[in-house]
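Visitor: I would like a close look at one part of this protein, the central region of its sheet and what packs around it. Could you take me through it step by step?

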Amino acid sequence: MAELLTADAVRLGRAAGDRAAAIDQVGAVLVEIGAVDPDYVAAMHEREASVSTFIGEGVAIPHGTNASRAHVRRTALTVVQFPDGVDWGGHDVRLCVGIAARDTEQVGVLSALARVLMVPEQAAELREAPDADTVLRILRTVEIDEEMAQ
């Protein structure tokens, strides 16, 4: 996962008025780091409209639809922290991990993230991370299941 998440893709201490604004911020980082075309952000909203990306522990993992893979330039992650929380369809989200994945890599990336983010202590450490180095230290230890990425 180390090659998927870089310090320039980590944003801490952000605020968003609602879920749509949070997704816009996550998508903007993916565009800024050159991982996706701007059209990918609309697909992230489309995915969220069909199924919530909230996974528990104050975490959401916004990502695009299968059709939006055409707008992905390279597989990458972004982490955006919302210390004051964002209402995510009745759930309080404090951390968004945005995913841009080409081909079938998304399944492996989602599986790997879930292994970390569903551990309460690790999710709490990420939600409260004081700096990008803390985020990178935690998420870069995650191994992507290559079989699931096929």
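To begin, which residue in β5 is the bridge partner of Ala 60?

Guide: Happy to, and please keep in mind that this is a predicted model. The bridge partner of Ala 60 in β5 is Cys 96. A second bridge can be named beside it: Val 59 has Leu 95 as its partner in β5. The strands involved are β3 and β5 (residues 91-100), which pair in the parallel sense over two bridges.

Now turn to the other neighbour of β5. Strands β4 and β5 run antiparallel and are joined by nine bridges. Leu 95 comes up again here, as the β5 partner of Gln 81. So that you can place both pairings, here is the background: strands of a sheet pair through backbone hydrogen bonds, either parallel or antiparallel. The hairpin of β4 and β5 has two residues between the strands, and in this hairpin Gly 89 takes a positive phi near 65°.

Step back to the whole sheet. It is open and has five strands, in the order β1-β4-β5-β3-β2, with mixed pairing. At the edges stand β1 and β2 (54-56), each with a single partner strand, so each has one side without a neighbour in the sheet. As for β5, it is mostly covered, with seven of its 10 residues buried.

What lies over these strands? Helix α4 lies across β3, β4 and β5, and runs at about 85° to β5. Helix α4 also packs with α3, at an angle of about 95° and with the axes 6 Å apart. With angles of 65 to 115 degrees counting as roughly perpendicular, α3 and α4 are therefore roughly perpendicular to each other. The residues that meet are Arg 115, Val 116 and Leu 117 on the α3 side, and Gln 122, Ala 123 and Leu 126 on the α4 side. Helix α5 (residues 132-139) joins this group: its buried residues pack against β1 (10-11), β4, α3 (105-117) and α4 (120-127). Those buried residues are Thr 134, Val 135, Leu 136, Ile 138 and Leu 139.

Two threonines are worth a visit while you are here. Thr 78 is found in strand β4, and its relative accessible area is 0%, so it counts as buried. Its contacts beyond four places in sequence bring us back to your starting point: Cys 96 is among them, along with Val 97 and Gly 98. The same list includes Leu 5, Ala 9, Val 26, Val 29 and Leu 30. With Ala 9 there is a polar contact as well, since the definition needs N or O atoms within 3.5 Å: a polar atom of the Thr 78 side chain lies 2.5 Å from the backbone oxygen of Ala 9.

Thr 75 sits in the loop between β3 (59-60) and β4 (76-88). Its relative accessibility is 12%; because buried means under 20%, Thr 75 counts as buried. A polar atom of its side chain lies 3.2 Å from the backbone nitrogen of Arg 102. Leaving aside residues up to four places away in sequence, Thr 75 touches Leu 4, Ala 100, Ala 101, Arg 102, Glu 105 and Val 109.

The loop between β3 and β4 has a charged link too. Arg 73 meets Asp 37 in a salt bridge, side chain to side chain, at 2.7 Å from N to O. Asp 37 belongs to the loop between α1 and α2, and Arg 73 to the loop between β3 and β4, so the pair ties together parts that are 36 residues apart in sequence. Both ends are partly exposed: Arg 73 at 47% relative accessibility, and Asp 37 with a relative accessible area of 22%.

To finish, come back to β5 itself for another salt bridge, one of six in the structure. The side chains of Asp 92 and Arg 94 meet there at 2.6 Å, N to O. Asp 92 is partly exposed at 38%, and Arg 94, at 28%, counts as partly exposed as well.

Definitions and conventions
Residues numbered from 1 in each chain as written. Predicted model: local features only at pLDDT ≥ 70, side-chain atom pairs only at ≥ 80, totals over all residues. Heavy atoms only, no water. Helix = DSSP H or I, 4+ residues; strand = E, 2+ residues; numbered from the N terminus. Buried < 20%, exposed > 50% of the residue type's maximum accessible area, 1.4 Å probe, protein only. Polar contact = N/O pair within 3.5 Å; in protein donor to acceptor, adjacent residues only side chain to side chain. Contact = heavy atoms within 4.5 Å. Salt bridge = Lys/Arg side-chain N within 4 Å of Asp/Glu carboxyl O. Pairing = 2+ DSSP bridges. Axes fitted to C-alpha atoms, helices over the stretch in contact; angles between N-to-C directions. Parallel < 35°, antiparallel > 145°, perpendicular 65-115°, else oblique.
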